[in-house]
Amino acid sequence: MTAPALELKKTTLNDVHRQLGGRMVEFGGWDMPVQYPAGTVSEHLRTRTHAGLFDVSHMGEIDVRGPDAIPFVNRLVSNDATILTDGQAQYSALTTPQGTVIDDLLVYRFAEDHLLLVVNAGTTEKDWDWISSHHGTENVQLRNASAEYCQIAIQGPDALSILQQITTVPLDEIKYYHFTEDKVDSVPAIISRTGYTGEDGFEVYAAAEKAEQLWNRILEAGKYGEEYGVLPCGLAARNTLRLEAGMCLYGHEIDDTTTLLEANLGWICKLKKGDFIGRETLQKQKDDGIKRKLIGFEVTDRGIARDGQEILIDGQRVGKVTSGSPAPFLKKNIGMGYVPAEFAVEGKAIEIDVRGRLVKAQVVPLPFYKRPKN
């Protein structure tokens, strides 16, 4: 007798995705659109040149309140939450005693006694268990508020002008990695200026039941259906966009076997801030030097590197591709992976084992893509 299949979780936009022709797949226990009829390449290019709309309501939200909110979170994460001001967000990570990564996350500061942690969808329960298990004597109240929120991201050069049509908030005054609480289309919302595509853009957090209203209004404001209008984007475009931008994906570039220093994330590893879980190990690794390092590479041969394929240097198998795909905007085949630190040198020749065929590539600087400065 076979075990019953686990029922996938659904965001409140699930029916909307299906009405728009979204091709649905399982992702981290969720039923999510991987692409829409326009296709991944069109979605990717539209985000780079105009705007893309993403349902990221599957992400987790953990509410931390109380007089000890900041010291409690600061003990669990690698970045320094004490430097945040009200209305500021910060990229950080939950680390193990071995200095490896439980999850990467965003820390939002609403007040001295109120933080919101935004975590990855597939790790929300694991993160919640980890965070709540480390609640000691600190005066904090923890709540897994994930089901209460929808999260909709609009990214791209036209994101600001589109969203501005349905809010009175002067969006150009929200600095990068900052947020405000106000209304979007008369709906109380958190408006945050971060992103995971390499483009400028915003995330709108609101009550879960308001997702459909907000999604449809943003599509309407963005002239969805016109040649240069906003396009709804699936997981595939989200992945190729973040890869071009050289951003890590949990479960690929970072996980509980990789440290922040190996993943080029030393900049979110504030060893001088005081004690946090994994600090001692990370300090030792910094002092001794890392043995392996995450690289970006560009395929110089015919062929596409894919996740999990082996990396060879001088005929020796030295690592694996963590993420690899065509880069639609750059029109190159790119990837990331770990190699021994001594080989992490720009221009270094490497090979990728693509189904038994050795394909030539070379190490290049990260990120692959940087958006043009205005």
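**Close-up views of a predicted model**

**View 1. Isoleucine 313 of strand 15 has glutamine 316 as its bridge partner in strand 16.** The model shown here and in the other views is predicted. Strand 15 covers residues 310-313, and strand 16 covers residues 316-327. The two strands run antiparallel and pair over four bridges. Two residues lie between them in the hairpin. One of interest here is aspartate 314, which takes a positive phi near 55°. Strand 15 is also joined to strand 18 (residues 349-354). That pairing is antiparallel as well, with two bridges. Here leucine 312 has glutamate 351 of strand 18 as its bridge partner.

**View 2. Six strands form an open sheet with mixed pairing.** The strand order is 10-11-12-9-3-13. Strand 10 (179-184) and strand 13 (231-232) are the edge strands. Each has a single partner strand, so one side of each lacks a neighbour in the sheet. Helix 6 (residues 211-221) packs on this sheet. The helix touches strand 3 (52-55), strand 9 (149-155), strand 10, strand 11, strand 12 and strand 13. The directions of helix 6 and strand 9 make an angle of about 10°.

**View 3. Strand 11 pairs with strand 12 in the antiparallel sense.** Strand 11 spans residues 187-192, and strand 12 spans residues 201-207. Four bridges connect them. In one of these pairings, isoleucine 190 has tyrosine 205 of strand 12 as its bridge partner.

**View 4. Isoleucine 152 lies in strand 9.** This residue is buried, with a relative accessibility of 0%. Its contacts beyond four places in sequence include Leu13, Leu53, Phe54 and Val56. Isoleucine 152 also touches Phe202, Glu203 and Val204. Ala211, Leu214, Trp215 and Ile218 are further contacts. Leucine 214 is 62 residues away in sequence. In space, the C-alpha atoms of isoleucine 152 and leucine 214 are 8.1 Å apart.

**View 5. Helix 3 is largely enclosed by the rest of the structure.** The helix runs over residues 69-76. Why does helix 3 count as largely enclosed? Six of its eight residues are buried. The buried residues are Ala69, Ile70, Phe72, Val73, Asn74 and Leu76. Their cover includes strand 4 (60-65), strand 5 (88-95) and strand 6 (101-111). Strand 7, helix 4 (124-133) and strand 8 (141-144) also contribute to that cover.

**View 6. Histidine 114 of strand 7 makes a side-chain polar contact with aspartate 63.** Strand 7 covers residues 114-119. The contact between the two side chains is 2.8 Å. Is histidine 114 buried or exposed? Its relative accessible area is 12%, under the 20% cut-off, so histidine 114 counts as buried. Beyond four places in sequence, histidine 114 touches Asp63, Val64 and Arg65. Ala69, Tyr108 and Arg109 are also in contact with histidine 114. Ala69 is one of the buried residues of helix 3.

**View 7. Helix 2 packs against helix 7.** Helix 2 covers residues 40-49, and helix 7 covers residues 235-244. Their axes are 8 Å apart and make an angle of about 50°. The two helices are therefore oblique to each other. The crossing of helix 2 past helix 7 is right-handed. Helix 2 contributes Thr40, Glu43, His44, Thr47 and Arg48 to the contact. On the side of helix 7, the contact residues are Ala236, Ala237, Thr240, Leu241 and Glu244.

Definitions and conventions: Residues are numbered from 1 along each chain as its sequence is written. This is a predicted model: local features need pLDDT of at least 70, side-chain atom pairs count only at pLDDT 80 or more; totals for chains, interfaces and linings use all residues. Side-chain values use heavy atoms; hydrogens and water are left out. Two strands pair if DSSP finds at least two bridges between them. Contact means heavy atoms within 4.5 Å. Axes are lines fitted to C-alpha atoms, for helices over the stretch in contact, and angles run from 0 to 180 degrees between N-to-C directions. Buried means under 20% relative accessible area, exposed over 50%, partly exposed in between (1.4 Å probe, protein chains only). A polar contact is a pair of N or O atoms within 3.5 Å; within protein, one must be able to donate a hydrogen and the other to accept it, and residues adjacent in sequence count only if both atoms are side-chain atoms. Angles under 35 degrees count as roughly parallel, over 145 as roughly antiparallel, 65 to 115 as roughly perpendicular and the rest as oblique. A crossing is left-handed if the near helix is turned anticlockwise from the far one by less than a right angle, and right-handed if clockwise.
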